[in-house]
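User: I am new to this structure and would like to see how the descriptive terms used for it are justified. Could you take me through them step by step?

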Amino acid sequence: MQPNTTTTVSLRHIAGKEVQLFFASPIAYLFLAAFAAITLFIFFWGEAFFARNIADLKPLFEWMPLLLIFLCSTLTMRMWSEERRSGTLEYLLTRPISLYRFVLGKFGGCLVLLLIALIVTLPLPITVSLLGQLDWGPVWSAYLATLLLGASYLAVGLFVSSRCDNQIVSLIVSCAICGVFYLLGSPIITNLFSTEGAHWLRLLGSGSRFDAITRGVLDFRDLYYYISLVVVFLTLNGYMLERERWALGIPSKRHRFINRIAGLLILNVLLTNVWLSQLSSLRIDTTEGKIYTLSKATDHILTHLNEPLLIEGYFSHKTHPLLAPLVPQLENLLQEYAVHGHGKVRVQFADPTQNPEAAKQAVGRYGIHPVPFQVDNRYQSSVVSSYFNVVVSYGDQYKVLNFSDLISAKMGPDHRPQIALRNPEKDLTAAISHVIHDYQSSGNLFNTVASTLTFTGYLSASPMLPKPLEQYRQIMTKTLTDMQQQAKGRFKFRFMDPSSDPQMAQQIAKKYGFKPMATNLLSQQRFYFYMTLSDGQQQVQIPLGDIKGSDFKRNLQAGIKHFAKGFTKTIALVTPGNQSPYAQGPHFRQLTRYLSRSFDVRHESLQNGQVSGDADLLMVMAPSQLDQKQLFAIDQYLMQGGTVIAAASPYQLSFDQQGIHLAPHAGLFLKWLHHMGVTIPSKVVMDPQNTALPIPVTRTIGGVPIQQYEMIDYPYLVDVRANGMNAKNPITNGLSQATFSWASPIQIQKTAGMKVTPLLHSSDQSWLSDETNVMPKIAGNKLEPFRPDSATQASTLGVMLQGRFNSYFAGKASPLLQATDHPSDPHAATVKKAPTQIGSVLQQSADSARLIVFSSPSMARDQVLNLTSSAHQSRYLNTLKLLDNSAHYALEDTALLNIRPRSHFDRTLLPMDHQTQQFWEYLNYALAAIALLIIALIRRIQKAKKVRRYQQLFID
């Protein structure tokens, strides 16, 4: 035990000596102060911490691989070169002590100095945690990795210092070698090589190895890489010093042994890096929400792939500055798909603006075109056309996601747009699931189509068409002919010319909104070129797409898939006025588009008293004017064991130039809900926790009237937060917020065998009102605040019931038979016979029947969504997500519901004015100075103890 103790004492003595020498002069404190000042300046100014408005330390650690080069080179430049210059190195070489003690001792001393420098930066994460919700996992993992990265730089610096007798030369050479390691994995170098070559260079780069760590993924392979650099360069350090002890030209057995040991050690350490590069499971996601850990749903899909899956990222290097930071985040997440794909998922990235082949592939095969963005800097304003697309390919099927599918945008408190990834894993996994289903049903697309499809081209005669559209028509005709042969009787096409038939032109203008086209505003040439696809019940429009006709086949196949069985689930959507997808009404078009991303949405009127037989789900929005037949259709659909999602209340909302109006009504649907156990009284929920209402205000500036919007407190827009949602149900679990506009309370009459699940409720401070005048009250020039006029309590706003329901029409005659309960017409022989109606009534539902009710029929209306978007200063989708989640849950497609937006992307700072920002910034500079004073005080106390100890020895 004595030799080990002696070794420990020697190492501690050598390390302590180096630390003491470092603090023996004021240069040490100046050096630490400079490091702290540069770090804080880069964080607050270089990376614009407050402008980023994100509570994280990523900007600090992104600069660490570069800052540590100069810090570590400065710490090590004198360690051996000063020994060599002063002649004390010869003394060390002649002592009968192993040189590895001096190497490790000096390395330990430098490591302590590096640790002290990092401790000086600790007030920064503490400050950020006070200003926002800081995720501490990535912070501690980044500090650990920073220490190991710095250790590798220290080992390089010590090796260089041992070969130099000049501190400045040692500093320059150390910075150069460490800089080479840093640049190896940087885009400056990797862009010059192929994809495979760039991958290997990134494995060698000290900075590129640090990228995953800055986002919170601690990979053992990265940590071992830094450790291996430490071992290699410390071994070289000791080996080269040991060689100076040897007599020249006289190799001995001991020398050959040292050569072998050093060589084998270095070789094994380097080869272990190669071996570890094949392992992908040695990773720890230290983020709070495990934002870089793929969900079980995604992992299940990737594990059960039967064919290779290709994920291509088309990202422009030069793009809008708000989109640029999202590219590495998305690329990192895509790499996680490759890791979990176990060899069946391939991920590749390309910049079509720099790669002509990639541009040809993007435009020719996928129909991807660059999007123009305006980019401003201090010198000029320009327009940049850039790509931000992800393509998921499986077999011969693919799906394209563009920036509008992947990001969310909102206006910040400084009226600047803020861009973040919305829920990239869910969007990507949904796309993968989509293309897999497409591929499985793509042997013959018409095998999944139950009825005969008719393609109708509303086309003007060829002389009236521009020349490109004449070529388009030729391509279209050939494609349609091939498709008709493949369909074997289930597909036909026809061309009609509205230009020669005024009645047809008027009809399609009224039904679909098809009006004559023109090549430009000044052209007198008018023509028609519209395409539709129909199965006799539903009709979809085929977009024109590329005017050259290269993507016509793809657009036609996409239209056919709307009619495929087992491919997408069908939602029967009932809205006021029974809008068609082409109607220009202002009601529920956004809801239709949102649901259409995952479902086949069909607008139904229920006038015939039935729900379409292929409807997988019935969604009823604002059912204030249903008749007996329509109500019967809803009732019987529920009795068949289906799911009905409804948004209803005793009030009808309307907008006009005079303002907002709320009128009471007592429709049949409310009576039906009451029969099913859901009572919605004639009250409106008002909540002090609400979404602001934007109201127009006209101001005169310089004699010019300008209309602006002011946000006012408006309790009718109930802001339901996470604590008001059922965290155990997939419908609401994960939603951060939902705005329920002009909602009413829900009361439940519990019955035996019925499972009741409350979904949402207002805050405890909300109250009920029966006032229908919902406009803000203004007295004089001041806005009167809304005050509670009843007891405050939480009110249920959403509920789900599942079990056995009793029909509202039980014991009654079917409404479908009422029209035929009349004496026969004596002229019946000359009247066309009406179709036979089935008059049976299902008295009770199956146990699988579900009824989901929300008490805000206006929450998904276009006008309300636009109003809420103005208040949130972003495109508001949360209520649409709520209805989409309800549909997924009802159709038992809950896998994607469990993929939630990761909180990391939403960790913003508390609202602060400029003076508050300056206070926190200057406070960090002051805390760094205080930390240096504490270090100086500790050093002074240690020095005083040492002096007293020596004085005591002298007295003794």
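Analyst: What follows is a set of questions and answers about a predicted model, beginning with the chain and going on to helix packing and a sheet.

User: How much of the protein chain is buried, and what makes a residue count as buried?

Analyst: A residue counts as buried if its relative accessible area is under 20%, and residues of this kind make up 49% of the 956 residues in the protein chain. The secondary structure of that chain comes to 29 helices and 33 strands.

User: Why is helix H2 called roughly antiparallel to helix H4?

Analyst: Helix H2, residues 27–46, packs against helix H4, residues 58–76, at an angle of about 160°, and their axes are 10 Å apart. Angles over 145 degrees count as roughly antiparallel, and therefore H2 is described as roughly antiparallel to H4. The crossing of these two helices, H2 and H4, is right-handed.

User: Which residues make the contact between H2 and H4, and of what class are they?

Analyst: From H2 the contact includes Phe 31, Phe 35 and Ile 38, while from H4 it includes Trp 63, Met 64 and Leu 67. By class, the contact of H2 with H4 has 12 nonpolar residues, two polar ones and no charged ones. Thr 39 of H2 and Thr 74 of H4 are also among the residues in contact, and threonine falls in the polar class.

User: Why is H4 called oblique to helix H7?

Analyst: H4 and helix H7, which spans residues 99–119, pack at an angle of about 135°, with their axes 11 Å apart. Because an angle of this kind is neither over 145 degrees nor within 65 to 115 nor under 35, it belongs to the rest, and H4 is oblique to H7. The crossing of H4 and H7 is right-handed, and their contact includes Leu 68 and Cys 72 of H4 together with Cys 110 and Leu 114 of H7. That contact of H4 with H7 has 10 nonpolar, one polar and no charged residues.

User: How do you know that strands S3 and S4 pair, and which way do they run?

Analyst: Pairing requires at least two bridges between two strands, and six bridges join strand S3, residues 309–315, to S4, so the pair qualifies, and the two strands run parallel. One of the bridge partners in S4 is Phe 349, which is matched with Gly 313.

User: What makes S4 and S8 edge strands of their sheet?

Analyst: Four strands form an open sheet with mixed pairing, in the order S4-S3-S7-S8. Strand S4 (345–350) and strand S8 (397–401) each have a single partner strand, so one side of each is left without a neighbour in the sheet.

Notes: Residues are numbered from 1 along each chain as its sequence is written. This is a predicted model: local features need pLDDT of at least 70, side-chain atom pairs count only at pLDDT 80 or more; totals for chains, interfaces and linings use all residues. Side-chain values use heavy atoms; hydrogens and water are left out. Axes are lines fitted to C-alpha atoms, for helices over the stretch in contact, and angles run from 0 to 180 degrees between N-to-C directions. A crossing is left-handed if the near helix is turned anticlockwise from the far one by less than a right angle, and right-handed if clockwise. Contact means heavy atoms within 4.5 Å. Buried means under 20% relative accessible area, exposed over 50%, partly exposed in between (1.4 Å probe, protein chains only).
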